[in-house]
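Here are my notes after going through the model you sent. I've kept them as numbered points so you can check each one against the coordinates.

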Amino acid sequence: MAELLAREPLLPKEKLSHGSGKTTSFLHSLARLGFKSLMWAIFLVWVAAIFFFPTELVKSLLSRWTTLTEQTVFGLTGSFFLVFSGPILVIALLAFVYIIAFPRDDFKKKSARLPRFRLWTFPVIVDGPFGVVSAAEFIGILLFSAYVLWTIIAYTLENRSLISKFLFPSNIKLYLFLELTGLRLGLIGLFCLAFLFLPVARGSILLRLIDIPFEHATRYHVWLGHLTMALFTLHGLFYVISWALQGRLLHEIMEWKDIGIANLPGVISLAAGLLMWVTSLHPVRKNYFELFFYTHQLYVIFVVFLALHVGDFVFSIVAGAIFLFVLDRFLRFCQSRTTVNILSAACHPCGTVELVLSKPANLRYNALSFVFLQVRELSWLQWHPFSVSSSPMDGKHHLSILIKVLGEWTGRLRDIISKVPEQPQISIPSQPKITASVEGPYGHEVPYHLMYENLILVAGGIGISPFFAIISDICRRINEGKPCVPKNVLIIWAVKKSKELSLLSVLNDQAISSSCFNSLQLDILACVTQESEAPLVDARFQHVCSSNLLGIPLSSTSLLQEEGILNADENSKSSSLFTTTGSRMSCLVGTGNNVWSGIYFAVSTFGFVLLYGLVEAYYIVPSAISAWWYRGLLFTICMVASVVILGGAVVFFWHLWEKHSSSARTTEDDEKERTLCNETPTANFASMLTTQYGRRPD
């Protein structure tokens with residue numbers, strides 16, 4: 001586990017020309033503020049409509065709206081879709097325009113030097129059921145809790161008032177109260193479901209807009225999942241109790257109405273949801289992750305039968321978020337079909353595997369990115385996330401990842417690599433040794449590590465790998481004269497055994513010029529927790545340490561020997577060259593080309609609206625189709641078809657464009673870069689290491 005703690009935000013001054021330059025900058029800032037304000041206004045109105053939905057004001061406004069619009073070709077479904085799903089899609093469209101028109105370059109702009117209260121990073125709860133909770137997250141938890149509590153109270157009072165108007169026997173009133181309560185709980189669950197799918201779209205434009213990476217947003221999906229499934233479970237439970245008291249439980253469960261709510265699809269949807277919920281609980285997920293992963297694929301059953309259960313116009317309430325997820329999922333599917341070349345593989349003595357993957361020059365990422373890796377020789381279904389350990393400036397045609405051997409999958413990967421004898425660079429095997437596919441890269445939109453003068457990087461074990469990318473990025477930026485704020489970097493690294501310190505060879509292998517340390521102070525404090533003293537080092541490492549390129553004194557060299565750094569010996573790792581029949585990583589990722597991503601979104605969205613309008617006008621209305629479940633099925637088919645057919649056409653041309661543009665550059669550029677690096681003195685990062693034994697970091 002690794003955390004990045006930054007302090008003293010110091011941003012370089014921005015030089016602006018006088019006259020027209022100031023005017024242009026002002027208009028640019030004004031347009032940026034206008035876009036932000038518009039998106040926030042739409043979002044707040046949308047949230048307010050959901051929050052105050054139980055009130056008579058919102059109900060009357062919705063009634064007027066449906067009266068005005070239900071006569072259109074889209075009918076009542078279009079009215080509900082425009083109110084509850086339209087806003088989130090409009091925000092997504094504006095977000096694409098915003099990111100394209102105003103690319104992120106925040107680390108070049110001014111900022112106050114005084115400490116500021118940051119909602120997204122200031123911890124409010126440190127030890128609790130939700131883990132570490134920031135101020136913004138705490139506000140969100142309070143708002144959702146208040147929404148659920150207030151709507152339950154409001155609907156309960158409304159139900160009691162409604163029932164009191166009828167002169168029914170007390171048992172009939174009880175049955176009616178239970179079913180009305182179940183109905184209201186289902187409606188509240190639907191509104192929570194409208195948010196549930198937003199955090200799990202890995203390349204979501206909405207997450208990129210607010211710069212919350214997918215791995216951080218998944219906790220919101222977990223929280224919302226517990227809340228949503230609790231509401232849906234109570235929804236079903238109240239109905240079951242009412243039907244059981246009336247003696248018609250089996251009949252009601254098996255009922256599949258044409259007009260109104262179809263009960264059996266709801267039972268199937270709830271059963272799928274309960275399986276996902278139970279297997280996602282922490283004890284199950286921790287000890288039986290594959291069970292959790294495979295049962296979570298039941299979300300397809302959950303969503304489809306939910307649409308059959310409630311019909312098209314009710315399902316349209318949550319369709320916006322689900323549509324964004326379908327867009328992301330299809331794009332991920334397209335990217336993951338590509339077989340990626342593994343340029344090299346290495347087994348380090350500390351039980352870590354290093355893979356270097358081929359990528360096109362125009363696939364952008366930053367030093368805080370991560371990818372999902374599939375190795376088909378190991379499993380066709382398993383995808384594992386790994387942090388990128390290389391900087392985007394290390395080379396335009398490759399990226400590296402470090403994999404700690406901890407389980408069965410990683411152990412089998414190490415075995416495959418270690419059994420292949422080392423081969424010279426010119427040797428090309430007739431068959432690929434590893435068939436890999438990659439999704440990503442994903443991660444932060446803003447390079448936060450470039451925004452602060454002083455960085456403290458805290459890591460445990462393999463958690464050091466993203467910090468290798470950060471250090472490499474900072475050093476290469478300094479060497480190339482690019483904007484880079486950091487001046488002092490402290491790495492605090494806790495490891496179990498001293499042999500893990502050999503991972504520093506990863507940085508040494510990148511041949512980073514030592515000239516960057518004229519303006520950068522780098523210190524690495526390693527705490528070896530399970531060894532009380534330094535192990536003895538073989539004398540064969542003496543000549544390597546004493547020939548340190550940075551010219552450190554012999555006393556320091558001796559100290560490094562005592563600390564057992566084994567990264568300089570030629571046998572410290574076993575590496576093999578892999579040249580497969582695959583290709584480079586695909587650029588078909590939501591965090592990739594913003595223009596193509598925007599076109600993909602726009603064509604799919606407008607295509608969905610157009611396709612459903614055509615189905616409504618030329619099939620549903622002429623055929624007088626009134627079955628709610630069938631209309632819900634058609635609505636879902638139109639949603640998926642627009643993404644697969646129309647969005648797929650955009651993806652096809654996107655792929656051709658990326659393939660053509662990436663072929664403009666060859667690996668000769670990388671060879672030239674490596675040659676230039678080899679002509680200058682390179683840094684020995686072992687010389688910056690201070691090791692403490694038998695203790696944890698303070």
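Which residues are linked with Asp328 in a network of salt bridges?

1. Arg202, Arg332 and Glu439 are the partners: together with Asp328 they make up a network of salt bridges. Bear in mind that this is a predicted model. Over the whole structure, a search turns up 15 salt bridges, and a few of the others get their own points below.

2. Asp328 turns up again at the largest cavity, where Phe96, Gly203, Ile205, Leu327 and Asp328 lie nearest the centre of a 13-residue lining. Two elements give two or more residues to that lining, helix H15 (319–336) and helix H21 (594–620). H15 has the largest share, with 4 residues. The volume is about 180 Å³, and the lining residues split into 8 nonpolar, 4 polar and 1 charged.

3. There are 3 cavities of 30 Å³ or more by the rule used here. The second largest has a volume of about 70 Å³. Its lining counts 14 residues, and Arg208, Ile212, Pro213, Phe214 and Gly443 sit closest to the centre. Helix H7 (205–209) and strand E9 (436–443) each put in at least two residues. By type, this lining has 5 nonpolar, 5 polar and 4 charged residues.

4. While you are at strand E9, have a look at the backbone there. Gly440 and Pro441 are joined by a cis peptide bond, with omega at about 5°, and Pro441 belongs to E9.

5. Two non-glycine residues with positive phi also deserve a look. Asp211 has phi of about 55° and is found in the loop between H7 and H8. Ala624 likewise has a positive phi of about 55°, and its place is the loop between H21 and H22. Is each of them buried or exposed? Asp211 has a relative accessible area of 7%, so it counts as buried. Ala624 is at 60%, so it counts as exposed.

6. Back to the salt bridges, with the general point that side chains of opposite charge can pair when their charged atoms come close. Arg476 and Asp394 pair at 2.4 Å, N to O, which is a distance I'd check by eye. Arg476 is in helix H17 (residues 465–480) and Asp394 in the loop between strand E7 (384–387) and strand E8 (398–404), so this pair links distant parts of the chain, 82 residues apart. Arg476 is buried at 8% relative accessible area, and Asp394 is buried at 13%.

7. Helix H17 holds another pair. Arg477 and Asp473 form a salt bridge at 3.8 Å, N to O; both lie in H17, 4 residues apart, about one turn of the helix. Arg477 has a relative accessible area of 16% and is buried. Asp473 is at 3% and is buried as well.

8. Arg248 and Glu179 make a further salt bridge, at 3.7 Å, N to O. Arg248 lies in the loop between helix H8 (214–246) and helix H9 (249–253), while Glu179 is in helix H6 (residues 170–196), so the pair ties together parts that are 69 residues apart in sequence. Arg248 is partly exposed, at 28% relative accessible area.

9. On the outside, which residues make the nonpolar surface patch of about 600 Å²? They are Ile100, Val595, Ile599, Val603, Val640, Val644, Ile645 and Leu646. H21 and helix H22 (628–662) each supply at least two of them, and H22 has the largest share with 4 residues. Leu646 is in H22; its relative accessible area is 34%, so it counts as partly exposed.

10. Last, Ser661, which is also in helix H22. Its C-alpha is 7.8 Å from that of Asn362, although the two are 299 residues apart in sequence. Ser661 is partly exposed, at 26% relative accessibility.

Technical notes
Residues numbered from 1 in each chain as written. Predicted model: local features only at pLDDT ≥ 70, side-chain atom pairs only at ≥ 80, totals over all residues. Heavy atoms only, no water. 1 Å grid on protein atoms, 1.4 Å probe; cavity = no way out; pocket = protein on both sides within 12 Å on 5 of 7 lines; lining within 4 Å. Points joined across faces, edges and corners; volume = space filled by probe spheres on them. Nonpolar A, V, L, I, M, F, W, Y, C, P; charged D, E, K, R; others polar. Patch = residues over 30% accessible without salt bridge, like charges linked within 9 Å, V, L, I, M, F, W, Y side chains within 5 Å. Areas by Shrake-Rupley, 256 points an atom, 1.4 Å probe, with all protein chains shown as cover. Salt bridge = Lys/Arg side-chain N within 4 Å of Asp/Glu carboxyl O. Buried < 20%, exposed > 50% of the residue type's maximum accessible area, 1.4 Å probe, protein only.
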